[in-house]
Amino acid sequence: MKLKVVIHQAEEGGYWAEVPSIPGCVTQGDTFDELLGNIYEAVEGCLSVDIQDIAVSEHDRVMEIAV
């Protein structure tokens, strides 16, 4: 999966980034390298869903796909 990330320089120093295809997925870092690491964590956190929070009946299927 490839995602576009918009990286901004923060007014107070450092950087912040947003992932437009995932509403609310933002992160920040004091350095560019720190920001890059934080982007991966932010995307993983935004895309992870706990199946226990979703009502699944015996007629439903739960699948995991890679895109």
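Trainee: How many strands form the open sheet, and in what order?

Mentor: Strands of a sheet pair through backbone hydrogen bonds, either parallel or antiparallel. Here 3 strands make an open sheet, ordered S1-S2-S3, with antiparallel pairing. Strands are DSSP runs of E, at least two residues, and helices are runs of H or I, at least four, numbered from the N terminus; two strands pair if DSSP finds at least two bridges between them. S1 (6-9) and S3 (26-29) are at the edges with a single partner strand each, so one side of each has no neighbour in the sheet. By the way, this is a predicted model, where local features need pLDDT of at least 70, side-chain atom pairs count only at pLDDT 80 or more, and totals for chains, interfaces and linings use all residues. Residues are numbered from 1 along each chain as its sequence is written, and side-chain values use heavy atoms, leaving out hydrogens and water.

Trainee: How many bridges join S2 to S3?

Mentor: S2 (residues 15-18) and S3 are joined by 4 bridges. One of the partnerships is Ala 17 with Thr 27 in S3.

Trainee: And how do I read an aromatic pair?

Mentor: You describe it by the distance of the ring centres and the angle of the planes. Rings of Phe, Tyr and Trp (its six-membered ring) pair with centres within 6.5 Å; planes under 30 degrees apart are stacked, over 60 edge-to-face, the rest tilted. The whole structure has 1 such pair. The Tyr 15 and Phe 32 ring centres are 5.7 Å apart with planes at 80 degrees, so the pair is edge-to-face. Tyr 15 sits in strand S2 and Phe 32 in helix H1, 17 residues apart.
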